[in-house]
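Hi,

Here is the structure I promised to pass on to you. Have a look at it first, and then read on for what I found in it.

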Amino acid sequence: MPFVKYPRTTEPLWHEWERKAQKCGLRHMVYAVNGDQYIGEWLDNLKHGKGTQVWKRTGAIYSGDWKFGKRHGYGSYSIPHPVTKEYKKVYTGWWKNDKKSVSEISCHHLCAALQGYGMMFYPGGERYEGDWRGGLRSGWGRMYYQNGSIYEGQWLEDQPDGQGMLRLPNENRYEGSWEDGKKHGPGKFFYVDKGQLFEGIWEADIPKCGILIDFGRDEAPAPTQYPIPKIELADPDGVLAEAQALFDDSQNE
């Protein structure tokens, strides 16, 4: 008995290749056309979750959180030294909706992305850890300077502003008010090396008035030759009597 045999329909191979090419979940190293490398988690062909990106052109590395192809969450950004090729962290902290493409990443774009709490590493070994707002140090933070000084306190638009403490390499320190990066307002300066304390008012980094006293003189490594004499009246009873007489005269008038 004759019968008809229909050819079996087969799915095109490119359908299977397309499915295999879809990146979702944890993947090993994936290379971009320009040579950039990424290893980590994916979702619908977008970097999403934990992952590490290496840019071929600059050698920079970002390792941290991703969200739909953008750096979003907590992560660190490092760049290699031009000579030794050793990696140095530039920033560690929070990222939010990085809108710049990987080919456009630069220091300006990186700083503009800083928001919330994070750590920034500067050339020369300086670093800042604390609050950021709009790419600027604002809020509470601690700055380690190249000369060994440390400032900890309030910041506003990249400058110490508010209450803060500056500790110098020789352990001398200033505690008090700041404005636009300068000592401004009431404060105390501890001369730990000399065993003295100045308490007064500053204006634009210049002390305007105050009192200088001995403070911790016995423990100071290089105290002054003579201690500061106490301020006292030579004849307190006479001064009091004169003041009383002036007061009585004013009442009798």
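Strand 11 (residues 159–167) and strand 12 run antiparallel and are joined by 6 bridges. If you want a place to see this pairing, look for Met165, which stands opposite Glu175 in strand 12. Please keep in mind as you look that this is a predicted model. The two strands form a hairpin with 5 residues between them, and in that hairpin Glu171 takes a positive phi near 80°.

Strand 12 also has a partner in strand 13 (residues 182–191): the two pair in the antiparallel sense over 6 bridges. Here you can find Gly176 standing opposite Gly187 in strand 13. Strand 12 and strand 13 make a hairpin too, with 2 residues between them. In that turn, Asp180 has a positive phi of about 55°.

Is strand 12 mostly covered or mostly open? Strand 12, which spans residues 173–179, is mostly covered, with 5 of its 7 residues buried.

Next, follow the chain back to Ser138, which sits in strand 9 (residues 136–144). Ser138 has a relative accessible area of 3%, so it counts as buried, the cut-off being under 20%. What does Ser138 touch, leaving out residues up to four places away in sequence? The list is Tyr128, Asp131, Trp132, Arg133, Trp155, Leu156, Glu157 and Asp158. With Glu157 there is also a polar contact to look for: the side chain of Ser138 reaches the backbone nitrogen of Glu157 at 2.9 Å.

Glu157 itself deserves a visit. You will find Glu157 in the loop between strand 10 (150–156) and strand 11. Its relative accessible area is 57%, so Glu157 is exposed, whereas Ser138 is buried. The phi of Glu157 is near 50°, which is a positive value in a residue other than glycine.

Asp205 shows a positive phi as well, near 75°, and again the residue is not glycine. Asp205 is placed in the loop between strand 14 (196–203) and strand 15. How accessible is Asp205? Its relative accessibility is 35%, so Asp205 counts as partly exposed.

A little further along, Glu219 lies in the loop between strand 15 (206–214) and helix 3 (236–252). Glu219 is exposed, at 66% relative accessible area. Try locating Asp193 from there: Glu219 and Asp193 are 26 residues apart along the chain, and their C-alpha atoms are separated by 8.8 Å.

For something on the surface, go to strand 1 (residues 25–31), where Tyr31 has its place. Tyr31 is exposed, with a relative accessible area of 56%. Together with Met29 and Ile39, Tyr31 makes a nonpolar surface patch of about 300 Å².

Finally, here are some figures for the whole protein chain. Its secondary structure comes to 3 helices and 15 strands. The chain has 253 residues, and 29% of them are buried. About 17,300 Å² of the chain is exposed, with carbon and sulfur atoms supplying 57% of that area. Among the contacts with a separation of 6 or more, 13% are between residues 24 or more positions apart.

I would start with the two hairpins around strand 12, then move to Ser138 and Glu157.

Best wishes, and enjoy exploring!

Definitions and conventions
Residues numbered from 1 in each chain as written. Predicted model: local features only at pLDDT ≥ 70, side-chain atom pairs only at ≥ 80, totals over all residues. Heavy atoms only, no water. Patch = residues over 30% accessible without salt bridge, like charges linked within 9 Å, V, L, I, M, F, W, Y side chains within 5 Å. Areas by Shrake-Rupley, 256 points an atom, 1.4 Å probe, with all protein chains shown as cover. Salt bridge = Lys/Arg side-chain N within 4 Å of Asp/Glu carboxyl O. Helix = DSSP H or I, 4+ residues; strand = E, 2+ residues; numbered from the N terminus. Buried < 20%, exposed > 50% of the residue type's maximum accessible area, 1.4 Å probe, protein only. Polar contact = N/O pair within 3.5 Å; in protein donor to acceptor, adjacent residues only side chain to side chain. Contact = heavy atoms within 4.5 Å. Pairing = 2+ DSSP bridges.
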